[in-house]
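Reader: I'm new to this one, so please pick a single spot and take me through it slowly. Then work outward from there to whatever else is worth a look.

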Amino acid sequence: MKNAERIWDLVDQRRADYQDLSDRIWGMPELCYNEHRSVAEHKAMLEKEGFRITEKVAGIPTAVMGEAGEGGPVIAILGEYDALPGLSQEADVTEQRPMPGDGYGHGCGHNLLGSASMLAAAAVKDWLAENGIPGRVRYYGCPAEEGGAAKAFMVREGAFADVDVAISWHPAAFAAVQEAISLANTRIDFTFKGRASHAAAAPQLGRSALDAVELMSVGVNYMREHMPSDARIHYAYLDAGGIAPNVVQAQAKVRYLIRARELPELTDLIARVKKIAEGAALMTECTVEHRVLSGVANLLGNAPMEKAMQAALDRLGPPPFDAADQARANDFQATMTAADIAAAWRKVGLTPKPGLGLTDQVVPADAKGAPMVGSTDVGDVSWVVPTVQARGATYAIGTPGHSWQLTAQGKLPAAHKGMVHVAKVMAATAVDTLRDPSIIARAKEDLAARTAVTPYQSPIPEGTEPPFGMSVSI
Ligand SMILES: [Zn+2]
């Protein structure tokens, strides 16, 4: 029954090319807006498939879009290809063994993410042509999901303005429709400036920027008791003002990462953190400036699209993992803790099956999972276009996110099978939506209702450019 639907056949026909694409991207890990080789690979594949290509989407050099079909509704399938620092790892090895080089690695599986999304779009392209149905499918190659919020900038520039529905996915341990819960976030650098002086001979002349940063941290840490319990604030000192304790530090810089459940809560928290920064500057007679690096909205769900994707997933069934895949997954599980594995089951709300390496089922619609507390820039798309995401089962149950184990599993047969499987889920969702445009109408009504009270407001201030060419911590 696996290929009972023509669209799945169209996915299978090109699986080898896309597995190769994923493996090539795995082998050239690039970070945050520097994905030049990866986007070139994606562009070349779009050309080979005959998509109409738009380069540098929204003015971003490493974003690309391919479109096929004519007229009708526009279905966007979103992909990513950025990697992470510190997660270099040899493939298919069950101990931590970084590869020589810069230390980057595909520890979030975005090599698979982009390839599966383009695979789905290419199958839908052929399906449209075969059936003569009006409609367009687009593959959006989106860079810098990790720390760069590229999709939020793309939304701000109107890249999705004429899109009717958006479909995406993320590598995971289970096959499911993704629960639409993530945190809105922003990254802001605060730079304090004071006055240098000899710390012993003329301390009265100095004004310490480092003191200001420390007082800001104290203030923010006192605020924690009085903020929403699911909000998160993290900070990192980027510049502590030098290494000489006998020089009063004239400049210091701290990066804040602020997360909240909803955009309005985030806006409130940002205002409070800024007040604390100004208070710290006032106390120390320093000045403070801030620069917003990125921001993403929380994810909005979309019931009609989730229903359509769940139906496609239920028809398709679980990924076809075999005994060898299961055995290799068990080898990787031996490197994890029991808590890692228990947390993975809890996340999707399923009863654990002891000893199971890879999932053997589809997560049912009524499973009650524990919410995700990370953030994704798909959130911004979900505020302006009805959006649905799948979880694609590509790695062993219990594999921690952003881990060497995840990088190591990125080219295994199970990863390839999971990638093709989720491409079928996305392609079938797109096809069902094209066949029955009433799904789009209901999806738009659903989005309008969710944003009626609080319309979308970009978390990125006007005039802020994407942080090209700078390192953005994850
Ligand atoms: Zn990711």
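Author: Let's start with Phe174, which sits in the loop between β5 (165-172) and β6 (176-177). Keep in mind as we go that this is a predicted model. Is Phe174 buried or exposed? Its relative accessibility is 2%, and the cut-off for buried is under 20%, so Phe174 counts as buried.

What is Phe174 in contact with, once neighbours within four places in sequence are left aside? The list begins with Ala344, Trp345, Val348 and Leu350. Thr359 and Val363 are on it as well, and so are Arg391, Gly392, Ala393 and Ile397. For another way to see how the chain comes back to this loop, look at Asp360: 186 residues separate Phe174 from Asp360 in sequence, yet their C-alpha atoms are 8.6 Å apart in space.

Now step back into the strand before that loop. His170 lies in strand β5, and its NE2 atom is one of the protein donors of a zinc ion. The other protein donors are Cys108, through SG, and His110, through NE2. These donors lie 2.1 to 2.2 Å from the zinc ion, and along the chain they follow the spacing C-x1-H-x59-H. His110 belongs to helix α4 (residues 110-131) while His170 is in β5, so this pair ties together parts that are 60 residues apart in sequence. His110 counts as buried too, because its relative accessibility is 0%.

From His110 you can follow α4 to a helix it packs against. That partner is α3 (residues 36-49); the two axes are 11 Å apart and the angle is about 15°. The limit for roughly parallel is under 35 degrees, so α3 and α4 are roughly parallel to each other. Their crossing is right-handed. On the α3 side, His42, Met45, Leu46 and Glu49 make the contact, meeting Gly114, Ser115, Met118, Ala122 and Lys125 of α4. Sorted by kind, the residues of this contact come to 4 nonpolar, 3 polar and 2 charged.

Just off α3 there's a backbone oddity. Most residues other than glycine have a negative phi. Tyr33, in the loop between α2 (15-26) and α3, has a positive phi of about 70° without being a glycine. Tyr33 counts as buried, because its relative accessibility is 3%. Ala149 is another non-glycine residue with a positive phi, of about 50°. You'll find Ala149 in the loop between β4 (135-142) and α5 (150-156), and Ala149 is likewise buried, at 3% relative accessibility.

To finish, try another helix pair. The axes of α8 (residues 303-316) and α13 (residues 413-435) come within 9 Å and cross at roughly 125°, and these helices are therefore oblique to each other. This crossing is right-handed. The α8 residues taking part include Met305, Ala308 and Leu316, and among those they meet in α13 are His421, Val425 and Thr433. By kind, the residues of this contact divide into 9 nonpolar, 3 polar and 3 charged. Elsewhere in α13 is Lys417, which counts as buried because its relative accessibility is 18%. Apart from neighbours within four places in sequence, Lys417 is in contact with Arg15, Pro320, Phe321, Asp322 and Asp325.

Terms used
Residues numbered from 1 in each chain as written. Predicted model: local features only at pLDDT ≥ 70, side-chain atom pairs only at ≥ 80, totals over all residues. Heavy atoms only, no water. Axes fitted to C-alpha atoms, helices over the stretch in contact; angles between N-to-C directions. Helix = DSSP H or I, 4+ residues; strand = E, 2+ residues; numbered from the N terminus. Parallel < 35°, antiparallel > 145°, perpendicular 65-115°, else oblique. Left-handed = near helix turned anticlockwise from the far one by under 90°. Contact = heavy atoms within 4.5 Å. Nonpolar A, V, L, I, M, F, W, Y, C, P; charged D, E, K, R; others polar. Buried < 20%, exposed > 50% of the residue type's maximum accessible area, 1.4 Å probe, protein only. Donors = N, O, S within 2.8 Å, 3.2 Å for Na, K, Ca; no water.
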